[in-house]
There are 2 protein chains.
Amino acid sequence: MYYAEIRVMYKKGVLDPQGQAVKGALHHLGFSKVNDVSIGRVIFLKLEAQSKEEAQKTVREMCESLLANPVIEDFTYTIMEEEK
Amino acid sequence: MYYAEIRVMYKKGVLDPQGQAVKGALHHLGFSKVNDVSIGRVIFLKLEAQSKEEAQKTVREMCESLLANPVIEDFTYTIMEEEK
């Protein structure tokens, strides 16, 4: 059994309205020394696989087919094996 | 200058409809060996502070006042200093 942590973020240059809104709200609350706020999704999941390579392949396929929009988003992931 | 990576997830036991919907969609796409899908937000930001401790204090305050809903969400964060 493997655990995957997947992070999906906007590609550089893509407008991040949520990030800008949060930055504005933080400034409004007095946190004026904050900059470059960007917001994405983090996905945790458990996955049965024969090997770490198979788990990585499956995670990449899931990201490319559903979890990330390849036009405007990039994804990164880390995979850990469950301790026996 | 410091970089903060903040992760905001539902507390254990709180229903995660988005996670369940994604799990169902992944199963529908043939990724049947996936379980326990949970989805949260990841926030990256830059922050001016005199010390790492001050940066941590500010990040905690921002999470408690805006970035996370303390009733249903937990937050974790990592802080790195910008290389000079």
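**Exercise 1. Cysteines**

Task: Is Cys63(B) buried or exposed? How many disulfides does the structure hold?

Solution.
- Step 1. Cys63(B) has a relative accessibility of 0%, so it counts as buried. This value, like those that follow, comes from a predicted model.
- Step 2. Turn to chain A. Cys63(A) also has a relative accessible area of 0% and is buried.
- Step 3. Recall the bond in question. A disulfide is a covalent bond between the sulfur atoms of two cysteines.
- Step 4. Count such bonds over all chains. The structure holds zero disulfides.

**Exercise 2. A polar contact between chains**

Task: Which side chain makes a polar contact with the side chain of Arg7(A)? Place both residues.

Solution.
- Step 1. Locate Arg7(A). Its place is in strand β1 of chain A, which covers residues 2-10.
- Step 2. Check its accessibility. Arg7(A) stands at 18%. Buried means under 20%, so Arg7(A) counts as buried.
- Step 3. Find the partner. The side chain of Glu5(B) makes a polar contact with that of Arg7(A), at 2.8 Å.
- Step 4. Locate the partner. Glu5(B) is found in strand β1 of chain B, residues 2-10. Its relative accessible area is 8%, so Glu5(B) is buried.
- Step 5. List the surroundings of Arg7(A), leaving out residues up to four places away in sequence. Arg7(A) touches Arg41(A), Val42(A), Asp74(A), Phe75(A) and Thr76(A) in chain A, and Glu5(B) and Val42(B) in chain B.
- Step 6. Do the same for Glu5(B). Beyond four places in sequence, Glu5(B) touches Arg7(A), and in chain B it touches Val42(B), Ile43(B), Phe44(B), Thr76(B), Tyr77(B) and Thr78(B).

**Exercise 3. Helices across the chains**

Task: At what angle do helix α2 of chain A and helix α1 of chain B cross? Which residues make the contact?

Solution.
- Step 1. Identify the helices. Helix α2 of chain A covers residues 52-67, and helix α1 of chain B covers residues 17-28.
- Step 2. Read the geometry. The two axes come within 11 Å and cross at roughly 105°.
- Step 3. Classify the angle. The range 65 to 115 degrees counts as roughly perpendicular, so α2(A) is roughly perpendicular to α1(B).
- Step 4. Name the residues. α2(A) supplies Met62(A), Leu66(A) and Leu67(A), and α1(B) supplies Val22(B), Ala25(B) and Leu26(B).
- Step 5. Sort them by class. There are six nonpolar residues, no polar ones and no charged ones.
- Step 6. Now take helix α1 of chain A with helix α2 of chain B. Their axes are 11 Å apart and the packing angle is about 105°. This makes α1(A) roughly perpendicular to α2(B).
- Step 7. Name the residues here. Val22(A), Ala25(A) and Leu26(A) meet Met62(B), Leu66(B) and Leu67(B). They divide into six nonpolar, no polar and no charged.

**Exercise 4. Phi at Asp36**

Task: What is the sign of phi at Asp36(A)? What is it at Asp36(B)?

Solution.
- Step 1. Start from the general pattern. Most residues other than glycine have a negative phi.
- Step 2. Read chain A. Asp36(A) is not a glycine, but its phi is positive, about 45°.
- Step 3. Read chain B. Asp36(B) is not a glycine either, and it has a positive phi of about 45°.
- Step 4. Place them. Asp36(A) lies in strand β2 of chain A. Asp36(B) is in strand β2 of chain B, residues 34-47.
- Step 5. Check accessibility. Asp36(A), at 46%, is partly exposed. Asp36(B), at 48%, is partly exposed.
- Step 6. Find a contact across the chains. Phe44(A) is in contact with residues of chain B including Asp36(B), Val37(B) and Ser38(B). Phe44(A) lies in strand β2 of chain A and, at 27%, counts as partly exposed.

**Exercise 5. Far in sequence**

Task: How many residues separate Tyr2(A) and Glu81(A) in sequence, and what is their C-alpha distance?

Solution.
- Step 1. Place Tyr2(A). It lies in strand β1 of chain A. At 4% relative accessibility, Tyr2(A) counts as buried.
- Step 2. Compare sequence and space. Tyr2(A) and Glu81(A) are 79 residues apart in sequence and 4.4 Å apart, C-alpha to C-alpha.
- Step 3. Look at the contacts of Tyr2(A). Among them are Leu45(A), Ala55(A), Ile79(A) and Glu81(A).
- Step 4. Add the polar detail. A polar atom of the Tyr2(A) side chain lies 3.3 Å from the backbone nitrogen of Lys52(A).

Terms used:
Residues are numbered from 1 along each chain as its sequence is written. Chains are lettered from A and ligands numbered from 1 in the order in which they are written. This is a predicted model: local features need pLDDT of at least 70, side-chain atom pairs count only at pLDDT 80 or more; totals for chains, interfaces and linings use all residues. Side-chain values use heavy atoms; hydrogens and water are left out. A disulfide is a pair of cysteine sulfur atoms within 2.5 Å. Buried means under 20% relative accessible area, exposed over 50%, partly exposed in between (1.4 Å probe, protein chains only). Helices (H or I, at least four residues) and strands (E, at least two) are DSSP runs, numbered from the N terminus. A polar contact is a pair of N or O atoms within 3.5 Å; within protein, one must be able to donate a hydrogen and the other to accept it, and residues adjacent in sequence count only if both atoms are side-chain atoms. Contact means heavy atoms within 4.5 Å. Axes are lines fitted to C-alpha atoms, for helices over the stretch in contact, and angles run from 0 to 180 degrees between N-to-C directions. Angles under 35 degrees count as roughly parallel, over 145 as roughly antiparallel, 65 to 115 as roughly perpendicular and the rest as oblique. Ala, Val, Leu, Ile, Met, Phe, Trp, Tyr, Cys and Pro count as nonpolar, Asp, Glu, Lys and Arg as charged, and the others, Gly among them, as polar.
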